Amino acid sequence: SYGTYNNEGFVSGGAPDNVSNEEYYGVVTASRVPRKAYVNLKDLFGNTPNLILNPGFENKKNQWITNGTIDATVHLSGKYSLKLTRNTAVSDPPLRVIPNQRYMFMGWVKTAGGTGLIGIQWFDSSGNLISTKYLNPAFMFITGWQFQIHTYLKAPSNAATARIQCQSLGKTVWFDDLQLLP
């Protein structure tokens, strides 16, 4: 059932009938259009500080390590998005996290023949990688911007920092308005 979580903080057994978590919870429609629940989430967490620096890429590549490009022609909000092509990955500088703390990730991904993937990398206080948790991919067969939300991400007990990793598996993928909230 949706009340049962596995040891990584994800819903055990996945969503019913292969429906995404965000669709199941009514945040987006099957075609990934935001519903009222998305607006309510933004209102609820609107005053919560986003841990991601430069989440909408309005400061170009500042606070990101990337060989991707900043795109002024395709963006969800603001003037820019991050454009990655053909297996390009990007990570932002380490974000301070609290061990065993729950976090929520929200963000938007748009694909053009590729698959977009977002991962959270957890590091210990010495900077050693503990683990990487990949979130649900944004698939190439869905047109338009796809909303990604993950409401239960638990930092490992020895985590000190985290990085957000964006990847394009195949062709072009855009990322915009990324948020990691405590």
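## Nonpolar cores

In this predicted model, the largest nonpolar core comprises 25 residues, and the members that touch the most others are Phe105, Ile164 and Phe175. Two or more residues of this core come from each of strand 3 (81-85), strand 6 (102-112), strand 7 (115-123), strand 10 (161-169) and strand 11 (172-181). Strand 11 is the leading contributor, giving four residues.

A further core of nine residues lies apart from the largest one; Val74, Trp108, Trp174 and Leu181 are among its members. In soluble globular proteins, nonpolar side chains tend to be buried together.

## Surroundings of Ile164

When residues up to four places away in sequence are left aside, Ile164 touches Ile52, Trp64, Val90, Ser91, Asp92, Leu95, Phe105, Ile118, Gly119, Ile120 and Leu180. One of these partners, Phe105, is, like Ile164, among the core members with the most contacts to other members.

## Internal cavity

The structure holds one cavity of 30 Å³ or more. The space in the largest cavity amounts to about 30 Å³. Its lining consists of 10 residues, of which Val109, Gly116, Ile118, Asn136 and Gln148 are the closest to the centre.

Strand 7 supplies the largest share of the lining of the largest cavity, with three residues; strand 7 is also among the elements that give two or more residues to the largest core. By residue class, the lining of the largest cavity has seven nonpolar and three polar residues, and no charged ones. Ile118, one of the lining residues closest to the cavity centre, is also a contact of Ile164.

Conventions
Residues are numbered from 1 along each chain as its sequence is written. This is a predicted model: local features need pLDDT of at least 70, side-chain atom pairs count only at pLDDT 80 or more; totals for chains, interfaces and linings use all residues. Side-chain values use heavy atoms; hydrogens and water are left out. A nonpolar core is a set of buried Ala, Val, Leu, Ile, Met, Phe, Trp, Tyr and Cys residues joined through side-chain atoms within 4.5 Å. Buried means under 20% relative accessible area, exposed over 50%, partly exposed in between (1.4 Å probe, protein chains only). Contact means heavy atoms within 4.5 Å. On a 1 Å grid over the protein atoms alone, a cavity is a set of points where a 1.4 Å probe fits but cannot get out, and a pocket is an open set with protein on both sides within 12 Å along at least five of seven lines; lining residues have an atom within 4 Å of a point. Grid points are joined across faces, edges and corners, and a volume is the space filled by probe spheres set on the points. Ala, Val, Leu, Ile, Met, Phe, Trp, Tyr, Cys and Pro count as nonpolar, Asp, Glu, Lys and Arg as charged, and the others, Gly among them, as polar.
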